[in-house]
Amino acid sequence: MKRVCPLCNGLYEIEISCPNCGRDMSDNGPVVNYIDNYSPYLLDDISHTEDGAAEDECTHLFCCPSCGKDKRVGIRRVEI
C-alpha cells in the first residue's frame, strides 16, 4: 500500500474558514510546490518531506480570496 495526500490526488476536498473574515479559503496546493521552480514537477516520494511536516502529512497552503490571509494546514495521508 502507498500513502498519498487525498487533496493532491482528488480523493476529497475540505473547507477551511478564514480566521479573519470567516469566508471559505481556497486550497492553493501543497507548500512544497512553492519551494523553487522545479518542485511542482518532482515526484511526491522526493518532495513530501521538504515542507517540515510529519512524514504522514502533506502541508497545504490555503488562502482567503476576500482578505488575503493564508494558512498552512497539515493533511493526513491515506493508504490506497
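Begin by selecting Ile75 in this predicted model. Leaving aside neighbours within four places in sequence, Ile75 is in contact with Cys5, Pro6, Leu7, Ile14, Asp56, Glu57, Cys58 and His60. Display these residues together with Ile75.

Next, select the set to which Ile75 belongs, the largest nonpolar core. This core has 10 residues: Cys5, Leu7, Ile16, Cys18, Met25, Cys58, Phe62, Cys64, Val73 and Ile75. Strands E3 and E4 each supply at least two residues of the core. In soluble globular proteins, nonpolar side chains tend to be buried together.

Then move to His60, one of the contacts of Ile75. His60 lies in strand E3. Is this residue, His60, buried or exposed? His60 has a relative accessible area of 1%, and it counts as buried because this value falls under the limit of 20%. Show the side chains of His60 and Asp27: a polar contact joins them at 2.9 Å. Apart from residues up to four places away in sequence, His60 touches Cys5, Leu7, Cys8, Asp27, Gly29, Pro30, Val31, Lys71, Arg72, Val73 and Ile75. Among these, Cys5, Leu7, Val73 and Ile75 also appear in the list of core residues.

Now colour the strands of the sheet. Which order do the three strands of the open sheet have? The order is E2-E3-E4, and the pairing is antiparallel. Strand E2 (26-30) and strand E4 (70-76) stand at the edges; each has a single partner strand, so one side of each is left without a neighbour in the sheet. From one strand to the next, the twist averages 35 degrees.

Select residues 57-63, which form strand E3, together with E2. These two strands pair in the antiparallel sense over three bridges. To inspect one position of this region, select Ser26, which stands opposite Cys63 in E3.

Finally, return to the whole protein and display its secondary structure. One helix and five strands are present, and along the sequence they follow the pattern β-β-α-β-β-β. Of the 80 residues in the protein, 31% are buried. Among contacts with a separation of 6 or more, 57% are between residues 24 or more positions apart. With the surface switched on, the viewer shows a protein that exposes about 5400 Å². Carbon and sulfur atoms supply 47% of this exposed area.

Conventions. Residues numbered from 1 in each chain as written. Predicted model: local features only at pLDDT ≥ 70, side-chain atom pairs only at ≥ 80, totals over all residues. Heavy atoms only, no water. Pairing = 2+ DSSP bridges. Helix = DSSP H or I, 4+ residues; strand = E, 2+ residues; numbered from the N terminus. Axes fitted to C-alpha atoms, helices over the stretch in contact; angles between N-to-C directions. Core = buried A, V, L, I, M, F, W, Y, C linked by side-chain atoms within 4.5 Å. Buried < 20%, exposed > 50% of the residue type's maximum accessible area, 1.4 Å probe, protein only. Contact = heavy atoms within 4.5 Å. Polar contact = N/O pair within 3.5 Å; in protein donor to acceptor, adjacent residues only side chain to side chain. Areas by Shrake-Rupley, 256 points an atom, 1.4 Å probe, with all protein chains shown as cover.
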